[in-house]
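Me: Take me through one part of this model in close-up: the surroundings of the ligand, and a couple of residues you'd want to look at as well. Keep it informal, but give me the cut-offs as you go.

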Amino acid sequence: MRLLVTGGAGFIGSNFVHQVIRSTDHQVAVIDKLTYAGNPESLADLPSDRFQLVEGDICDTAVIDSLVSQSDAVVHFAAESHNDNSIAEPSPFVHTNLVGTFRVLEAVRRHGKRLHHISTDEVYGDLELDDPAKFTPDTPYNPSSPYSASKAGSDLLVRAWVRTYGVRATISNCSNNYGPRQHVEKFIPRQITNLLDGRRPRLYGAGANVRDWIHVDDHNAAVLAVLERGRTGETYLIGADGELSNRQVVELILAEMGHPAGDYDLVKDRPGHDLRYAIDAGKLRDELGWRPVYRDFRDGLRATIDWYRNNEAWWRPAKAAVEAKYQANQQ
Ligand code: NAD
Ligand code: DAU
């Protein structure tokens, strides 16, 4: 199969490309705009007879049309992905996440190609901290931030293109990913690289918000399962029962890196900060037989810390600008 991967120079997309090259014999083309979040280094050393990187914008009709026409299936990761950025400047989120997804949909419609759309659990809004409920595919959409609203809109476009035009698409909504090659603006890499730099971790608000962590390789294995065996028009929720409060995550990072448990700062909260996410992945498990490999968050976290220790050249160029932005916002 010839796969077109949008956003393949980003965190999850680049790990997906590595997994596909490792575990299948598919050919892979990546289209990536190489925004601040895209790093070609994440795709270094891939075999040139099976992989190519095209620098381009998914909003560019001619470019996306040509690449889609040469592929058998499209896996659509490309997006503006960071909530804090969307609160400061929503415009690129509306453009890439909505207009970009529209352009991808039109291209797959014209050429009759299979599409898998990557989305987030944040489209469902949030859950109370003490609520035993989890998100299911039937939970109503209720996004909170410009980022999650733009992702919710992109999902609805995909659903409409399936129903009205018969586009062969599936959607997956995943919880918070962690692992190698994640940008230092995100929670876990920010705290690890702060500690490597002799700074204290920063927790928004009281650190009580809960996220449902999944290793990026488990997410991507689920994406491959949906791509290969998922039913057209269906939505699959991806999660690995990894609920932890932000404070618990920081305490684990501090312990793994040899620092005292209370060695963090509480900083200004995120406006509209979602309280808790939790995924019921029963449909994915029952229909497609997917199971997470990283069952112990500590093991995956330790490997992730090691990756940042051993790959400073990868993250260092972005670190100062990210911290300056957070500092200007008292975070
Ligand atoms: P990321 O920000 O690390 O990567 C996004 C990539 O998209 C970057 O390489 C960037 O250059 C590229 N891109 C942005 N705009 C583009 C455009 N107009 N044209 C082409 N390329 C463009 O994001 P990520 O964390 O890897 O997330 C990937 C996808 O997974 C997103 O759709 C996101 O909503 C979704 N998702 C992320 C998580 C998570 O925890 N990170 C969880 C669930 C779903
Ligand atoms: O749930 C899936 C989503 O997870 C994806 O759709 C998004 O693309 C991805 O960025 C992520 O969104 P979050 O907003 O949950 O992730 P972030 O890494 O920004 O923050 C995780 C939690 O940590 C959140 O509650 C905010 C908090 N936080 C974040 C930073 C950067 C802190 O307490 N301190 C920080 O320095």
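**Around ligand 1**

Reply: Start at the backbone of phenylalanine 11, where a polar atom sits 3.0 Å from an oxygen atom of ligand 1. That's a polar contact, a pair of N or O atoms within 3.5 Å (within protein, one must be able to donate a hydrogen and the other to accept it, and residues adjacent in sequence count only if both atoms are side-chain atoms). Serine 81 brings a polar side-chain atom to 2.7 Å from a ligand 1 oxygen, and in tyrosine 147 a side-chain N or O atom is 2.6 Å from an oxygen atom of ligand 1. With the protein in place, 97% of the 830 Å² of accessible area that ligand 1 has on its own is covered (Shrake-Rupley method, 1.4 Å probe; for residues, only the protein chains shown count as cover).

Before going on: this is a predicted model, in which local features need pLDDT of at least 70 and side-chain atom pairs count only at pLDDT 80 or more, while totals for chains, interfaces and linings use all residues. Residues are numbered from 1 along each chain as its sequence is written, chains are lettered from A and ligands numbered from 1 in the order in which they are written, and side-chain values use heavy atoms, with hydrogens and water left out.

Now the shell. There are 28 residues around ligand 1, and Ile12, Asp32, Ser81, Tyr147 and Lys151 come nearest; to be near, a residue needs a heavy atom within 4 Å. By class you get twelve nonpolar, twelve polar and four charged residues (Ala, Val, Leu, Ile, Met, Phe, Trp, Tyr, Cys and Pro are nonpolar; Asp, Glu, Lys and Arg charged; the others, Gly among them, polar). At least two shell residues each come from α1 (11–23), β5 (114–120) and α5 (146–165), and β5 has the largest share, with three. Helices (H or I, at least four residues) and strands (E, at least two) are DSSP runs numbered from the N terminus.

Stay on β5 for histidine 117, which lies in that strand. Histidine 117 is buried, at 1% relative accessible area; buried means under 20%, exposed over 50%, partly exposed in between (1.4 Å probe, protein chains only). Its side chain makes a 3.1 Å polar contact with the side chain of serine 154.

Serine 154 also leads to leucine 98: beyond four places in sequence, leucine 98 is in contact with Phe93, Ser150, Gly153, Ser154 and Leu157, contact being heavy atoms within 4.5 Å. Leucine 98 belongs to helix α4 (residues 91–111) and is partly exposed, at 25%.
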